[in-house]
Amino acid sequence: MSLDTPTRERIETLLKDHRVVLFMKGNRQQPMCGFSAAATNTLNELLPDYHTVNVLDDPEIREGIKEFGSWPTIPQLYVEGELVGGADIIRQMYGSGELHQLFGMPQPDRTPPEITITDKAAEAIRQGTANAEGLALHLEIGPDHSAGFQLAPAGDGDIVAHANGLEVHFDPASAQRAKGIVIDWVSTVQGEGLSLKFPGAQEIKSLSVQELQQCLADNSIILIDVRPAAVRAQLAPLPQARILEDEGYDALAALPKDTQLAFICQHGISSQSMAERFAAHGFSQVHNVEGGMEAWNTAAARH
């Protein structure tokens with residue numbers, strides 16, 4: 001496919017008008033694919049403002065930008081009219097400090113964070129990585145304290161922390177957010193898994209459905225439903241609950257930090273993770289509903 005002149009001129013105008021342009025699926029506030037989300041998450045760490053072009057809304061640009069820079073995939077980052085690359089290259093350059101240099105910013109602090117890994121967590125990690133030869137344990141922590149572990153090859157720009165005989169690899173921003181964290185292995189009625197505790201974060205309190213019913217009757221707690229729309233559609237929604245997906249994380253995180261919050265999902269697992277994120281942000285009265293909607297409906301059926 002050859003690039004027609006009008007489309008080329010549109011692309012050249014975009015690159016002339018904006019120093020940093022990300023051609024992506026979706027936009028900065030709502031990426032529509034994992035690679036676009038990864039690219040915006042990285043750029044958000046460094047830039048308060050940059051221009052995005054949603055190729056899903058513009059088929060000519062979607063195909064044209066591939067021809068323009070001879071780059072076959074989306075997203076694509078351009079800086080001062082020059083193609084930088086896609087999501088993987090953006091991430092690699094961020095980890096190495098090249099992206100900081102490109103934007104004229106100071107190099108990131110590469111001091112490894114001091115972290116704690118409990119004996120139970122260390123044992124679970126060793127068991128889980130026993131057959132992961134050639135892969136490293138990476139921990140990514142977002143600005144809202146959402147966290148995710150993954151096994152991936154070690155990168156030259158990784159910041160590596162050591163604890164309890166294990167290595168944990170971080171990108172620069174995650175390393176800063178990881179200072180003082182405790183990685184533990186927890187067993188709850190919802191299941192088992194690795195858990196992060198941030199310095200100063202409050203403990204998550206368990207709340208039975210009977211206790212929740214009383215709190216709702218007293219108007220003493222805000223219930224937040226963290227289930228996505230497809231899951232909520234399977235069961236009748238709780239009219240008393242505020243929907244995280246509809247209101248957005250930032251809006252709910254702006255509530256007073258002493259607000260009584262309860263989080264509910266289908267089984268009580270993803271709500272626990274969300275409760276931990278709010279606790280890490282300084283909320284002092286955070287609860288997770290034991291058993292989630294399944295327990296709620298079971299209790300309701302008995303009455």
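Start by selecting F278 and F283: both residues are buried. You're looking at a predicted model, by the way, so treat this as a tour of computed values.

Keep those two on screen and turn on their side chains. How far apart are the ring centres of F278 and F283, and at what angle do their planes sit? The centres are 5.4 Å apart and the planes meet at 55°. Planes under 30 degrees apart would be stacked and over 60 edge-to-face, so this pair counts as tilted.

Next, add Y249 and F263 to the selection. Together with F278 and F283, they make up one aromatic cluster. Aromatic pairs turn up five times in the structure, and the F278 and F283 pair is a good one to have in view.

Now zoom out and switch to cartoon. You can step through 13 helices and 16 strands. Turn the C-alpha trace along its principal axes, and the protein spans about 70 × 45 × 35 Å.

Try colouring by burial. Of the 303 residues, 43% come out as buried, F278 and F283 among them. If you list contacts between residues with a separation of 6 or more, 63% of them join residues 24 or more positions apart.

Put a surface on next. About 15800 Å² of the protein is exposed, and 49% of that comes from carbon and sulfur atoms.

Last stop: select the charged side chains. There are 22 positive and 40 negative charges. Where do the two sets sit on average, relative to each other? Their mean positions are 2 Å apart.

How values were computed: Residues numbered from 1 in each chain as written. Predicted model: local features only at pLDDT ≥ 70, side-chain atom pairs only at ≥ 80, totals over all residues. Heavy atoms only, no water. Helix = DSSP H or I, 4+ residues; strand = E, 2+ residues; numbered from the N terminus. Buried < 20%, exposed > 50% of the residue type's maximum accessible area, 1.4 Å probe, protein only. Contact = heavy atoms within 4.5 Å. Areas by Shrake-Rupley, 256 points an atom, 1.4 Å probe, with all protein chains shown as cover. Lys, Arg positive; Asp, Glu negative; His and termini not counted. Charge placed at Lys NZ, Arg CZ, Asp CG, Glu CD. Phe/Tyr/Trp six-rings, centres within 6.5 Å; stacked < 30°, edge-to-face > 60°.
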